[in-house]
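The exercises below ask you to read charged pairs and strand pairing from a structure, one step at a time. Try each task before you read its solution.

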Amino acid sequence: MGAAVDRYEIVRLIGAGAMGEVYLAVHGFTKKAVALKVLRAGQAQGADQMRAEAMALCRVRHDNLVEVYDAVMAEVVHPDGSLPSLI
């Protein structure tokens, strides 16, 4: 895909749901592969939910849960020119 979001370069779409998409991305400095969760435009209520989810996951460690390394809120315009999203 080649798009950059903050300090992450998007590699490809992993999955999509009602509120947004999850992408395989690479951290620009460390080159670590990560899952990047993107909230669709117009999901302001979802932004609060995503923030609460990230904060909760930062405090929990379990083999069956993803580990949150970073969180950022930013508007993103997709390379195809579609509506901005919240990260």
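**Exercise 1.** In this predicted model, find the salt bridge that Arg7 forms with Asp70, and explain why the pair ties together separate parts of the chain.

*Solution.* Begin with the contact itself: Arg7 and Asp70 form a salt bridge in which the closest N and O atoms are 2.7 Å apart, and this lies within the 4 Å that the definition of a salt bridge allows. Next, place both residues: Arg7 sits in the loop between β1 (4-5) and β2 (8-16), whereas Asp70 sits in the loop between α1 (44-58) and β5 (75-76), so the bridge ties together parts that are 63 residues apart in sequence. Then turn to the surroundings of the pair, where Arg7 is partly exposed at 37% relative accessibility and Asp70 is partly exposed at 31%. Finally, look for further partners, and you will find that Asp6, Arg7 and Asp70 are linked in a network of salt bridges.

**Exercise 2.** Determine which elements are tied together by the salt bridge between Lys37 and Glu53.

*Solution.* First check the atoms: in the salt bridge between Lys37 and Glu53, the closest N and O atoms are 2.8 Å apart. Lys37 belongs to strand β4 (residues 33-39) and Glu53 to helix α1, so a strand and a helix are tied together by residues 16 apart in sequence. To complete the picture, note that Lys37 is partly exposed at 38% relative accessibility, and that Glu53, at 33%, is partly exposed as well.

**Exercise 3.** Decide whether Arg61 is buried, partly exposed or exposed, and do likewise for Glu67.

*Solution.* These residues form a salt bridge with each other, the closest N and O atoms being 3.5 Å apart. Arg61 has a relative accessible area of 56%, and the cut-off for exposed is over 50%, so Arg61 counts as exposed. Glu67, with 37%, is partly exposed. As a last step, set these pairs in context: a search of the whole structure finds five salt bridges.

**Exercise 4.** Describe how strands β3 and β4 are arranged.

*Solution.* Start with the direction: strand β3 (residues 20-27) and β4 run antiparallel and are joined by seven bridges. One pair to locate in the structure is Tyr23 with its bridge partner Leu36 in β4. Now follow the chain between the strands, which form a hairpin with five residues between them; in this turn, Lys31 has a positive phi of about 65°.

Technical notes:
Residues are numbered from 1 along each chain as its sequence is written. This is a predicted model: local features need pLDDT of at least 70, side-chain atom pairs count only at pLDDT 80 or more; totals for chains, interfaces and linings use all residues. Side-chain values use heavy atoms; hydrogens and water are left out. A salt bridge is a side-chain nitrogen of Lys or Arg within 4 Å of a carboxyl oxygen of Asp or Glu. Helices (H or I, at least four residues) and strands (E, at least two) are DSSP runs, numbered from the N terminus. Buried means under 20% relative accessible area, exposed over 50%, partly exposed in between (1.4 Å probe, protein chains only). Two strands pair if DSSP finds at least two bridges between them.
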